Amino acid sequence: MRGLLLLCGVVLIQLLAVQTDAQGSKSKWQTLTGFSPRVIARGGFSGLFPDSSIDAYNFAMLTSVEDVVLWCDLQLTKDGAGICFPGLTMSNASNIEAVYPNRTNTYLVSGVSTQGWFTIDFSLKDLNKVNLIRGILSRSERFDGNGYSILTVQDVNTELKPQGLWLNVQHEAFYAQHNLSMTTFLTTTSKTIIIDFISSPEVNFFKKIAGRFGREGPIFVFRFLEKETFEPTTNRTYGSILSNLTFVKTFASGILVPKSYVLPLDDKQYLLPSTSLVQDAHKAGLEVFVSGFANDVDIAHDYSYDPVSEYLSFVDNGNFSVDGVLSDFPITASASVECFSHMGRNATKQVDFLVISKNGASGDYPGCTDLAYAKAIKDGADVIDCLVQMSSDGTPFCSSSIDLGNTTMVAQTPLRNRSTNVPELSSLGGIYTFSLTWPEIQTLTPAISNPYRTYNMFRNPNERNAGKLVSLTEFLNLAKNSTSLSGVLISVENAAYLRENQGIDVVKAVLDTLTQTGYTNITTKKVMIQSTNSSVLLDFKKQSRYETVYKVEETIRDILDSAIEDIKAFASAVVIVKSSVFPDSEGFVTEQTNVVERLQKSQLPVYVELFQNEFVSQPYDFFSDANVEINSYVTGAGVNGTVTEFPYTAARYRRNRCLGSKETPPYMAPVQPGGLLQVVNHASLPPAEAPNPVFTDADVTEPPLPPVTAKAPTSTPGTPSEPSTNAPAPSGQTRLTLSLLLSVFPMAIASLLLL
């Protein structure tokens, strides 16, 4: 079993070439040594596999920089064996509770009475019956059944032969109280194993081991805990010790600190100015290592849920560079250091694909607002998009939804009485764009989209209501004045309903606005017209020469030749959803379809949506990293463009220097579709799902657009004959009935302030 699992990295990643030298040129880096920061894999690749398991360590070595340092939280058994395990008590990351249900104990740990299964109560032979499992419940449980054994330090050295080994001694004083000597273990072990780093949060520990190793011995690193915590042997807080780095230098060559020591956050999870810790430590001759890096935890809003941005703020911010990062996802740390560092905004593109915004930079600002579009342009989007909606007075404008309750704060205004039921559009009531005039719509406050609020993940709360909605005219003028954009994408939906039921011709409105703003059929800015409705695109094609894009909303596993030929009659490109390229089941990619290949063989470029930075939007195969996901679609599946709510991440990705290397390093190789499932124990595999449908020519065919039907005038546009009880709430909130809104209006306002 172990021999099979050792091959997991080969299965998961297409190792296209040998690894690059992690210790590159000294001139680039502001580290103490001048060399690139070290990547330290905490428990191996513990963001995916159980911490300190053989596959976690093996996979870290296969996917990281060549000199990745393997981190081992050193614990001692009652017979003095040194094992790698993330905690002093064992129930959180192993199945010991099931194996030895009656062997709990209670001890004082740093003065606190603690109950659990302690390593000191078990011999190494006892622990051979115990298996490692995930220690963080938000991570996949699928690998818990793989039977990972607890490894000794000798196992890690013998089976993996790491380039660097870091032993973290967290509770030396506790072991000493129970007649177990960390000092003896380390000095004995160092005679047969090269230990590169030893860390501890206890000052007395370093005094004990001082002089026990020769000149070529390990680097001693003092680990700082939270600033208010007391260091047990000096009775001083770690915050106070921090003010005397010359004292630390007397027994250590480096310090390991939480991220907040270097880049603190305010109470809203935004960055505060950086401290001078790194510069101060370097002046004292101390290297600075930083802990707490993981792709699947909340990070500062400033990073837009992009872990690479976070790493770069520590290693390549222009003012300092830390000397190493301790990460659960060493592949991302490796790529950040070796591929994305020292790369300006104007760096040469290494791979060519279109970066198309989704409602502008809607991951950072309310979608379809002036601020979202301005940021998308600044962030490097090639094409910005506008989903056209129509007001009751015939003004086309940009909004991600025809229901204003999904995108604005309209439900908290007097205009909420315009709510109406439109079965053709939704089974729920809504405040629709065609029920309000454009001047009324302009008074509305936009609301940012929070698609993952159920995970307590919120986008840029300080700007959740920033910006203003823009008309199609304003959108087109903004794009025309941009020197960096190559084009615009205009989406048109619900055209048949608007013609038949509202007397509005959205196709004519779009064409007229394009003409009025100077977007003729031949223009320096490419105009792309997108729709899920073939009849809409046929209508545009009859009346203009703009490029047309057909959007396939369904997840499909294949597409018939006849359907492709039908699409080519009215479209010059296709948009498909991500799962039509890489289908997934319960968070795992199962395979790669040939949909992209088949469309491209028919000369149809393929754009894929929707790319988001939040890790919960990605299958586990992409390691909770939007950059890994983009890379797998672009260099793996070969898509022609990405539709993204975070254009900066995609635009920066294509400039990273590893894409231009003759030999692609493993941390920039696309994932192997379905590879991760091959490492899961058969009994733990997710249940098989029904295959996705094949897209046929019948799915393409739509009836022609109906003629415009004149709408009977009403005294108040959009006012229903009877009050609706289904007024929608702003984006991300539970829908409230109208009567409830009226009764709890003050309470609703208060709750919104907390968003």
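Where does pLDDT stay under 50 with 35 contacts beyond four places in sequence? Select residues 15-25 and you have that stretch. pLDDT is the predictor's confidence in each residue, from 0 to 100, and a contact means heavy atoms within 4.5 Å. Now jump to residues 715-755: pLDDT stays under 50 there too, and the model has 80 contacts beyond four places in sequence for them.

Before going on, a word on what you are looking at. This is a predicted model, where local features need pLDDT of at least 70, side-chain atom pairs count only at pLDDT 80 or more, and totals for chains, interfaces and linings use all residues. Residues are numbered from 1 along each chain as its sequence is written, and side-chain values use heavy atoms, with hydrogens and water left out.

**Zoom out**

Show the whole chain. Its average pLDDT is 90, and 90% of the residues score at least 70. Colour by secondary structure and you should find 27 helices and 29 strands; these are DSSP runs numbered from the N terminus, helices being H or I with at least four residues and strands E with at least two. Along its principal axes the C-alpha trace spans about 90 × 60 × 55 Å. The radius of gyration is 29 Å, which agrees with the value near 27 Å for a compact globule of 755 residues. That radius is taken over C-alpha atoms, and the globule rule is 2.2 Å times the number of residues to the power 0.38.

Of the 755 residues, 58% are buried. Buried means under 20% relative accessible area, exposed over 50%, and partly exposed in between (1.4 Å probe, protein chains only). As for contacts with a separation of 6 or more, 73% come from residues 24 or more positions apart.

**Stop one: Pro258**

Select Pro258 in strand S14 (residues 254-258). Buried or exposed? Pro258 counts as buried, because its relative accessibility is 13%. Leaving out residues up to four places away in sequence, Pro258 touches Phe224, Glu226, Val290 and Ser291. Add Leu326 to the view: this residue is 68 residues from Pro258 in sequence, yet 9.6 Å away in space, C-alpha to C-alpha.

**Stop two: Ser313**

Next, pick Ser313, which lies in helix H13 (residues 307-315). At a relative accessible area of 14%, Ser313 is buried. Not counting neighbours within four places in sequence, Ser313 is in contact with Leu263, Tyr303 and Phe320.

**Stop three: Asn359**

Move to the loop between strand S17 (354-357) and helix H15 (370-378), where you will find Asn359. This loop residue has 9% relative accessibility, so Asn359 counts as buried. Among the residues Asn359 touches beyond four places in sequence are Gly367, Tyr373 and Asp385.

**Stop four: helix H20**

Now highlight residues 534-543, helix H20, and colour Ser534, Ser535, Val536, Leu537, Asp539 and Phe540: these are its buried residues. What do they pack against? Show strand S20 (487-492), helix H18 (495-502), helix H19 (506-516), strand S21 (526-531), strand S22 (547-552) and helix H25 (697-700) to see the partners.

**Last stop: Gln612**

Finish in the loop between strand S27 (606-611) and helix H23 (626-636), which holds Gln612. Gln612 counts as buried, at 9% relative accessibility. Beyond four places in sequence, its contacts include Pro451, Tyr452, Arg459 and Phe646. Glu629 is another contact, and the C-alpha atoms of Gln612 and Glu629 are separated by 9.7 Å.
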